[in-house]
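Reader: Could you walk me through how this chain packs together? I have the sequence and the model open, and I would like to follow along.

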Amino acid sequence: MLNLPLARRGWGAPHGRAFLLLVLAFLTVLWADAATAHGVTLGDKGYIQEISGVHILPFLYLGAKHMVTGYDHILFLFGVIFFLYGFKQISTYVSLFAIGHSTTMLAGVWFDISINGYIIDAIIGLSVVYKALDNLGAFPLWFGFEPSTKAATLIFGFLHGFGLAAKILDYGISDDGLLANLIAFSFGVEIGQLLALSAILIVMSRWRVSPSFARQAYAANVILMMLGFGLIGFQISNYFLAPVAA
């Protein structure tokens, strides 16, 4: 995991190219957040508020859509698998993340555990920062020890699950058919996660064999870290501005 000690490698790729990529990524993040109104499109929200009973396919679709379009979850997954190569290794970490977010997503909605969406999304942004720092080798360098990456993946999976629960609660989901619909949503999330993960792995497999990967990996994780900080700042600012806007 810790292949890029902070004090030992340079950017590798040109600074200008990395900066441009960072700016474009930030613009994408800001556009996506504004367009989806805190992760819940008006069309999806209106539909869910109007229906009741068991609706397996719609909730499968919503779960998959949220994960595929959920840039915060995708950024974290990208960081998690960045230095994972074997199928067993990748499946272990992805399973830990899935167990974590499925557990708290189901429990959060079923028991109506309401965490402010902006706060939990800021914490999810923190998970992105954490994983980037982990990939950069910051923790042994700064603190003299390496935290368990498996434990961190599971813990942050729990936190991501509360983010999913916040989205579902925003839908105003009916109690009629709730358990079946939640399970369908959870399966949809896993489908979306597999689709996103497959796309990332296809790109990563080609990138890793290039001679420039070792140099560019540092810049990629610095950008990942800055995107995480951007998510934190964006969500915290929305937390304070949302009451005013309302």
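Reader: Leaving aside neighbours within four places in sequence, which residues is Phe 213 in contact with?

Author: Happy to help, and please keep in mind that this is a predicted model. Phe 213 is one of the residues with the most contacts inside the largest nonpolar core. Once neighbours within four places in sequence are set aside, its contacts are Phe 82, Phe 83, Tyr 85, Met 204, Trp 207 and Arg 208.

Reader: Which elements give two or more residues to the largest nonpolar core?

Author: That core has 37 residues, and among those with the most contacts inside it are Phe 78, Ile 81 and Trp 207. The elements that give it two or more residues are helices H4 (71-81), H5 (87-110), H6 (117-135), H7 (138-143), H8 (149-171), H9 (178-208) and H10 (213-245).

Reader: And how many residues has the other core?

Author: It lies apart from the largest one, and Leu 164, Leu 182, Ala 184 and Phe 185 are among its members. Its count of residues is 17.

Reader: Are H6 and H8 roughly parallel or roughly antiparallel?

Author: A pair of packed helices is described by the angle and the distance between the axes. Here the axes of H6 and H8 come within 9 Å and cross at roughly 155°. Angles over 145 degrees count as roughly antiparallel, so H6 is, with respect to H8, roughly antiparallel.

Reader: How do the residues of the contact of H6 with H8 divide into nonpolar, polar and charged?

Author: From H6 come residues including Ile 120, Ile 124, Ser 127 and Asp 134, and they meet a set in H8 that includes Phe 156, Leu 159, His 160 and Lys 167. H6 passes H8 in a left-handed crossing. The residues of this contact divide into nine nonpolar, five polar and three charged.

Reader: Is Leu 75 buried or exposed?

Author: Leu 75 lies in helix H4, and, not counting residues up to four places away in sequence, Leu 75 touches Val 128, Leu 224, Leu 227 and Leu 231. Its relative accessible area is 16%. Buried means under 20%, so Leu 75 is buried.

Reader: How many Å apart in space are Val 222 and Ala 132, C-alpha to C-alpha?

Author: Val 222 has its place in helix H10, and it is buried, with a relative accessible area of 8%. Val 222 and Ala 132 are 90 residues apart in sequence, while in space the C-alpha to C-alpha distance is 6.9 Å.

Notes:
Residues numbered from 1 in each chain as written. Predicted model: local features only at pLDDT ≥ 70, side-chain atom pairs only at ≥ 80, totals over all residues. Heavy atoms only, no water. Core = buried A, V, L, I, M, F, W, Y, C linked by side-chain atoms within 4.5 Å. Buried < 20%, exposed > 50% of the residue type's maximum accessible area, 1.4 Å probe, protein only. Helix = DSSP H or I, 4+ residues; strand = E, 2+ residues; numbered from the N terminus. Contact = heavy atoms within 4.5 Å. Axes fitted to C-alpha atoms, helices over the stretch in contact; angles between N-to-C directions. Parallel < 35°, antiparallel > 145°, perpendicular 65-115°, else oblique. Left-handed = near helix turned anticlockwise from the far one by under 90°. Nonpolar A, V, L, I, M, F, W, Y, C, P; charged D, E, K, R; others polar.
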